[in-house]
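The following exercises ask the reader to work through sheets, salt bridges and a cavity. Each task is followed by a solution in steps.

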Amino acid sequence: MTRSPLLPRLLLAAYLLLLAVAVLTPTPPPHPPDPLAPEAPIVGLVADLVRNLVLMLPLGWLLAASGVSFARTVVAGLALSLGIELAQRAIPGRHSTLSDVVANSASAAAGALLYASRFAWRPPDGLNARRLAIGSLAAAWAVLGLGVQALRPSLRGTEFFAGLRPELGQYETYAGRVVSARIGARALPSGPIAGDAAFIAALEADEPIAVAAELRPSERDPAALLTILNAEQDELFVLGADGDDLFVAIRLRSADLGLDAPVHRWSGVLADADADADASAASSTALAEIRLERRPGAVELWIDGRSLGVRRWRPGDVGALLLSGRVLPAWAADGLAVATIALLALPCAYYARSLLPPTLGLAILLLLLPRFGPVSGPTAVDWIGLALGVAAARVARALFRRRGARSDLPGLSKASWWC
């Protein structure tokens, strides 16, 4: 009996709807940038390329599962990518490039090929299985080990500028007053920072940063209370409001590699602070001292002498190197960290004959990662990701073995890729 393609077609419709929302939603800057200011550098180009290379994998897979030939799937991916890029030219805040078209088209083709070769994914036996398991584990070690190196700060430059409540094109103007800022005992005036060598030494030494400001949430987009930039307009440090959240972004080595980065975020801080201020008769003039105690990979937030918690980068946060932490709410950042560890664990556990070696190997890696870079030891989020990856691998292994036992086809013929 031929299986009905109804489910793949329904999933395809849902995917296309989500894709349209994701890539065609306007994202205009809340304020026009200063025409006299140097053009801000484009960051995250490598991360953007990787995202485009996986963006249309589901399209290729679902079209192939719906009975569309490989050639038509490639044409559909190219046409859809061209349509998206042309439409983005007329959408505020969006940009289009030829590289996006190429990457998206390749992504759709790869999705179709993955579907066509799905029967070949059945776990092999003997030496080949052992080699694939060891290779997958080594790849996981490499990804996480190199990823935490990319989380180290990159505070380069020879001239530096501070902005208190800056009006920049990429930010909403902060709604409250920002009166003063300092790093250690050194004041940070709005404008050029004198004594560049001493300043960068203080920044690299993780001296605390304090800001005196009113606490107000942003309305729609992130709003900066304090920025520190170099002469090339690279943002070395940002203290900002994102809705009710406060966040801290630090320039990392990942930016030098064209990748994105996670941020330290405190959810709901400004909602609580604003409510407290509204309950006070002096709410319109009350200032708070925001103090950031810094150490490698971690920041502790203090407001008026009260600690609101330490934020540390977790091993799973290397996933944010491909998706900016500034656009991720706290729950999405947790989900991305879980998915990162799960996806790294899945191939190791899938090809291994026993669960113990890959699980133990990845657990040891998570425990050792703080020695390699500025991350904490594994948290519950990382352990959940490891457990989900191992469980998903064993379920997939069982399903493929059962389907392989029912089918006399070791794989699809070359002709079936095209018709």
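The largest cavity has a volume of about 30 Å³, a volume being the space filled by probe spheres set on grid points that are joined across faces, edges and corners. The model is predicted, so that local features need pLDDT of at least 70 and side-chain atom pairs count only at pLDDT 80 or more, whereas totals for chains, interfaces and linings use all residues. Residues are numbered from 1 along each chain as its sequence is written, and side-chain values use heavy atoms, with hydrogens and water left out.

**Exercise 1. Describe the lining of the largest cavity.**

Solution. Begin with the definition: on a 1 Å grid over the protein atoms alone, a cavity is a set of points where a 1.4 Å probe fits but cannot get out, and its lining residues have an atom within 4 Å of a point. The structure holds one cavity of 30 Å³ or more. Next, list the residues: the lining of the largest cavity consists of L144, I341, L344, A345, L362, L366 and L386. Then assign them to elements, where helices (H or I, at least four residues) and strands (E, at least two) are DSSP runs numbered from the N terminus. Two or more lining residues come from each of α10 and α11 (356-368). The largest share, three residues, belongs to α10.

**Exercise 2. Determine the strand order of the open sheet that contains β10, and identify its edge strands.**

Solution. Two strands count as paired if DSSP finds at least two bridges between them. By this criterion, six strands form an open sheet in the order β3-β2-β5-β10-β11-β12, with antiparallel pairing. The edge strands, β3 (186-187) and β12 (306-312), each pair on one side only. At one end, β2 (residues 178-183) and β3 run antiparallel and are joined by two bridges; R182 stands opposite A187 in β3. Helix α7 (residues 196-204) packs on this sheet and touches β2, β3, β5 (209-213) and β10 (288-295), contact meaning heavy atoms within 4.5 Å. The direction of α7 makes about 85° with that of β2. For such angles, axes are lines fitted to C-alpha atoms, for helices over the stretch in contact, and values run from 0 to 180 degrees between N-to-C directions.

**Exercise 3. Which residues of β10 form its covered face, and which strands does β10 pair with?**

Solution. In a regular strand the side chains alternate between the two faces of the sheet. In β10, A288, I290, L292 and R294 form the covered face, while E289, R291, E293 and R295 form the uncovered one. On one side, five bridges join β10 to β5 in the antiparallel sense, and A288 is the bridge partner of A213. With strand β11 (residues 298-303), β10 pairs over six antiparallel bridges; here I290 stands opposite I303. The β10-β11 hairpin has two residues between its strands, and G297 in the turn has a positive phi of about 75°.

**Exercise 4. Why is one side of β4 and of β9 left without a neighbour in the sheet?**

Solution. The strands belong to an open antiparallel sheet of six, ordered β4-β1-β6-β7-β8-β9. Because β4 (191-192) and β9 (264-266) stand at the edges with a single partner strand each, one side of each lacks a neighbour in the sheet. The partner of β9 is β8 (residues 245-250), joined to β9 by three antiparallel bridges, with V248 opposite H264.

**Exercise 5. Locate the salt bridges formed by R265 and R314, and state the burial of these residues.**

Solution. A salt bridge is a side-chain nitrogen of Lys or Arg within 4 Å of a carboxyl oxygen of Asp or Glu; the whole structure has 16. First, D242 pairs with R265, the closest N and O atoms being 3.2 Å apart. This pair links strand β7 (residues 235-242) to strand β9 across 23 residues. Burial is judged by relative accessible area: buried is under 20%, exposed over 50%, partly exposed in between (1.4 Å probe, protein chains only). At 10%, R265 is buried.

Second, R314 forms a salt bridge with D317 (3.0 Å, N to O). R314 also bridges D334, with the closest N and O atoms 2.6 Å apart. The latter pair connects the loop between β12 and α10 (330-351), which holds R314, to D334 in helix α10, 20 residues apart. R314 is buried at 13%, whereas D334 is partly exposed at 32%.

Technical notes: On a 1 Å grid over the protein atoms alone, a cavity is a set of points where a 1.4 Å probe fits but cannot get out, and a pocket is an open set with protein on both sides within 12 Å along at least five of seven lines; lining residues have an atom within 4 Å of a point.
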